[in-house]
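Here's a quick briefing on a protein–DNA model, written for someone who wants the contacts first. Have the viewer open and follow along.

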There are 2 protein chains.
Amino acid sequence: MREVTIYDIAKEAKVSVATVSRVINDTAPVKGSTRAKIEELISKYNFQPNAMARSLLKKETGIIGVIVPDLTNPFFPEVFAGAEEEAQSSGHTFLLSNSIGDTRKESEYLSIMREKRVDGIMFLGGRINLKHCDEHLVQELVQHASVIPTVLVNGELKNSGLIRVATDESFGTALAVRHLAQLGHKKIGFIGGENHMTTTSIKLRAFRKTMKEEGLEVCEDWILPDSFSIESGKRQMLKLLSMKEKPTAIFCVNDYTAIGAIKAATESRLSVPDDISIVGFDDIPLSHHFIPELTTVSQKAHELGRTAIKVLQAMMNKEKVKKLTTLEPHLVVRQSTSAPVQP
Amino acid sequence: MREVTIYDIAKEAKVSVATVSRVINDTAPVKGSTRAKIEELISKYNFQPNAMARSLLKKETGIIGVIVPDLTNPFFPEVFAGAEEEAQSSGHTFLLSNSIGDTRKESEYLSIMREKRVDGIMFLGGRINLKHCDEHLVQELVQHASVIPTVLVNGELKNSGLIRVATDESFGTALAVRHLAQLGHKKIGFIGGENHMTTTSIKLRAFRKTMKEEGLEVCEDWILPDSFSIESGKRQMLKLLSMKEKPTAIFCVNDYTAIGAIKAATESRLSVPDDISIVGFDDIPLSHHFIPELTTVSQKAHELGRTAIKVLQAMMNKEKVKKLTTLEPHLVVRQSTSAPVQP
DNA sequence: CTGAAAGCGCTAACAT
DNA sequence: ATGTTAGCGCTTTCAG
């Protein structure tokens with residue numbers, strides 16, 4: 001059956017649609033008695049104004065589009081939750097899509113969001129984490145962003161001028177490596193991360209830099225990028241353990257690879273941290289429930305989400321915003337790191 | 001700047017808007033040359049038709065509303081991913097909201113989705129898991145569902161007649177308990193779950209029933225509901241371990257409580273499964289990465305999501321669907337269960 | 001094959 | 001305080 005419209009209720013209340021609109025939006029004074037009658041009818045028919053019609057006119061949908069690479073990675077739901085919390089203030093709701101890091105899907109979702117006239121876009125993962133991003137992918141996003149306020153979270157599009165909110169990953173990496181060095185570790189490895197992604201290169205660069213600052217030598221055999229999964233952490237740790245000269249501590253690009261590394265070590269009858277120290281990155285909820293609890297760099301995912309939405313709200317209000325808002329991560333020391341056995 | 005409309009491009013192409021509409025939707029033959037010109041203009045201006053305007057007319061938005069209690073619980077992203085996969089076939093996108101199990105938020109989101117005229121609603125958690133759900137909450141959902149195709153996932157609204165898709169939790173529980181019994185366990189405990197939720201009572205009932213079938217006695221002291229968090233699993237396990245008579249195996253209502261229980265046991269210097277066997281429920285991705293890997297009942301979250309959307313699509317096409325579609329879980333035996341030490 | 005015109009449901013001047 | 005009316009951007013008869 002047809003949904004009831006503002007006309008239906010105007011007719012039954014014997015007033016014009018304008019009056020009904022007025023009581024719905026409380027946009028002008030209406031006589032008590034008419035207002036009462038209208039309100040009664042509204043609840044009688046359970047009338048809900050059609051947001052499409054309204055949006056068509058107002059050019060606002062109350063929807064923010066979110067593109068994430070993989071909601072199954074606990075970091076993203078956390079960011080999303082933060083975003084949702086912050087968006088309450090402006091009454092925005094979310095159109096969410098998993099891109100699985102596939103740039104074609106990203107393009108598709110971008111296009112859908114554009115058609116649906118979302119008020120803003122929060123973009124995570126995929127092309128904005130690529131070390132070498134195809135020019136037309138950059139242009140596509142720039143083009144959309146010129147029409148729809150867009151914020152990039154934890155990523156970048158080389159000289160695109162797009163607004164970003166990001167964790168300072170260099171700083172976080174330095175924190176972790178310094179922690180290991182201060183515990184007395186001299187032989188430190190690096191596990192995980194795909195080579196063509198910026199997160200990996202940023203962390204690797206910071207790793208080398210901090211090692212140098214701490215007066216430590218980097219052993220190239222122990223630099224083992226792969227991917228971001230638990231499996232890859234496991235795989236690389238196994239490789240490391242099969243070498244004759246092994247590190248006493250390992251920096252992993254994220255908590256998943258760290259957990260994989262711990263699994264591999266444990267299954268090889270080594271104890272973490274007694275035999276080898278491991279530090280992760282992200283601080284996903286699980287990291288402090290794992291056995292042993294993971295020492296890691298907290299990304300403040302929740303705050304990242306909140307901040308991104310704050311920036312987006314400012315943009316939607318046409319306020320001026322900084323090109324880059326940085327969030328400083330901090331180190332969370334738990335059980336997976338300790339001083340090395342042999343000095 | 002104003003978005004370009006179908007009028008703009010009609011004007012420049014020197015044709016009517018109708019013709020432009022025709023080439024966009026390929027809804028009637030258009031002469032090759034005019035079509036070419038129009039298409040050129042479309043890409044020149046990067047024109048994207050306004051979905052609002054279109055929806056207003058077609059009474060379809062291409063959006064499915066999803067209400068989940070907590071995306072931070074890895075079970076839900078998995079369901080969502082399945083849903084997303086299935087929705088590709090019908091080209092639907094998702095408006096997603098976390099209700100945090102708060103019925104007021106649910107109502108709010110329901111209302112927003114109704115205003116936005118989503119094509120369908122997938123509802124998880126919250127009120128549909130309550131043992132005693134307030135009548136007006138039931139009515140509210142029934143009311144919405146009478147206008148918008150709605151499917152309840154893993155929940156129920158007592159004699160509301162609403163369409164549901166659900167895991168057979170009784171069956172799953174039986175699977176787990178039987179597994180424990182077959183390993184030789186006679187003293188089995190039950191941890192987790194909030195008392196006022198149906199998941200808990202369904203599982204508890206199945207637990208008792210299966211115990212009886214296996215000829216085992218239920219010790220009431222070992223029935224320890226609480227909540228669904230890792231913390232609560234830990235808490236109840238600690239309580240259990242402080243008793244003078246302890247069970248040799250434990251059924252946990254979900255993987256999180258199982259992980260909490262393992263943590264508590266491990267920290268109390270007990271070994272899982274050597275000293276105590278633990279079985280979970282859900283099979284979240286993490287359960288097979290935990291140490292020890294968790295024996296659990298797989299909910300097939302991904303398939304649950306896919307199935308729910310399939311059902312929803314059928315409803316949106318006004319096909320007849322079954323009131324209840326059941327998914328059979330299966331047992332995944334991993335490392336956290338083994339035969340008890342003392343016979 | 002193409003154009004004119006009537007809405008879809010609502011808001012916002014502009015009148016009264 | 002309330003009614004009239006002109007759109008918002010698009011699709012879809014109905015006529016050519």
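What follows is a short tour of the DNA contacts, the chain–chain interface and one sheet.

Keep in mind that this is a predicted model. Chains A and B touch each other through 53 residues of chain A and 52 of chain B. DNA strand C has 27 residues around it, and DNA strand D is surrounded by 27 residues too.

**DNA strand C**

- The residues that come closest to strand C are A:Ile6, A:Arg54, A:Leu57, B:Thr19 and B:Arg22, so to speak a mix from both chains.
- Sugar and phosphate account for 66% of the strand C atoms within 4 Å of the protein, with bases making up the rest.
- For a base contact, look at A:Tyr7: an N or O atom of its side chain sits 3.2 Å from a base nitrogen of strand C.
- On the phosphate side, the side chain of A:Arg54 puts an N or O atom 2.7 Å from a phosphate oxygen of strand C.
- Chain B joins in with B:Thr34, which has a polar side-chain atom 3.3 Å from a phosphate oxygen of strand C.
- Helix 1 (6-13), helix 2 (17-25) and helix 4 (51-58) of chain A each give at least two residues to this surface, as do helix 2 (17-25) and helix 4 (51-58) of chain B.
- Sorted by class, the surface near strand C comes out at 13 nonpolar, seven polar and seven charged residues.

**DNA strand D**

- Nearest to strand D are A:Ser16, A:Arg22, A:Pro29, A:Lys31 and B:Ile6.
- Of the strand D atoms within 4 Å of the protein, 65% are sugar or phosphate and the rest belong to bases.
- The surface near strand D splits into 13 nonpolar, seven polar and seven charged residues.
- A:Arg22 goes for a base, with a polar side-chain atom 2.4 Å from a base oxygen of strand D.
- Phosphate oxygens of strand D are met by A:Lys59, with a side-chain N or O atom at 3.0 Å, and by B:Asn25, with a polar side-chain atom at 2.9 Å.
- Two or more residues each come from helix 2 and helix 4 of chain A, and from helix 1 (6-13), helix 2 and helix 4 of chain B.

**Where chains A and B meet**

- About 5100 Å² is buried between the two chains, and carbon and sulfur atoms give 55% of that.
- Strand 2 (residues 93-98) of chain A runs antiparallel to strand 2 of chain B, and three bridges join them.
- Within that pairing, A:Leu96 has B:Phe94 as its bridge partner.
- There are six salt bridges between the chains; B:Lys263 and A:Glu293 form a salt bridge, at 2.8 Å from N to O.
- Polar contacts link 26 residue pairs across the interface, counting residues at pLDDT 80 or more.
- On chain B, the side touching chain A has 22 nonpolar, 18 polar and 12 charged residues.

**A sheet in chain A**

- Six strands of chain A make an open sheet with mixed pairing, in the order 7-6-8-9-10-12.
- Its edges are strand 7 (223-224) and strand 12 (330-332), each paired on one side only.
- Strand 10 (residues 295-298) pairs antiparallel with strand 12 over three bridges, and A:Ser298 stands opposite A:His330.

Notes
Residues are numbered from 1 along each chain as its sequence is written. Chains are lettered from A and ligands numbered from 1 in the order in which they are written. This is a predicted model: local features need pLDDT of at least 70, side-chain atom pairs count only at pLDDT 80 or more; totals for chains, interfaces and linings use all residues. Side-chain values use heavy atoms; hydrogens and water are left out. A residue is near a molecule or strand if one of its heavy atoms lies within 4 Å of it. A polar contact is a pair of N or O atoms within 3.5 Å; within protein, one must be able to donate a hydrogen and the other to accept it, and residues adjacent in sequence count only if both atoms are side-chain atoms. Helices (H or I, at least four residues) and strands (E, at least two) are DSSP runs, numbered from the N terminus. Ala, Val, Leu, Ile, Met, Phe, Trp, Tyr, Cys and Pro count as nonpolar, Asp, Glu, Lys and Arg as charged, and the others, Gly among them, as polar. Contact means heavy atoms within 4.5 Å. Buried area is the accessible area (1.4 Å probe) that two parts lose on being put together, summed over both. A salt bridge is a side-chain nitrogen of Lys or Arg within 4 Å of a carboxyl oxygen of Asp or Glu. Two strands pair if DSSP finds at least two bridges between them.
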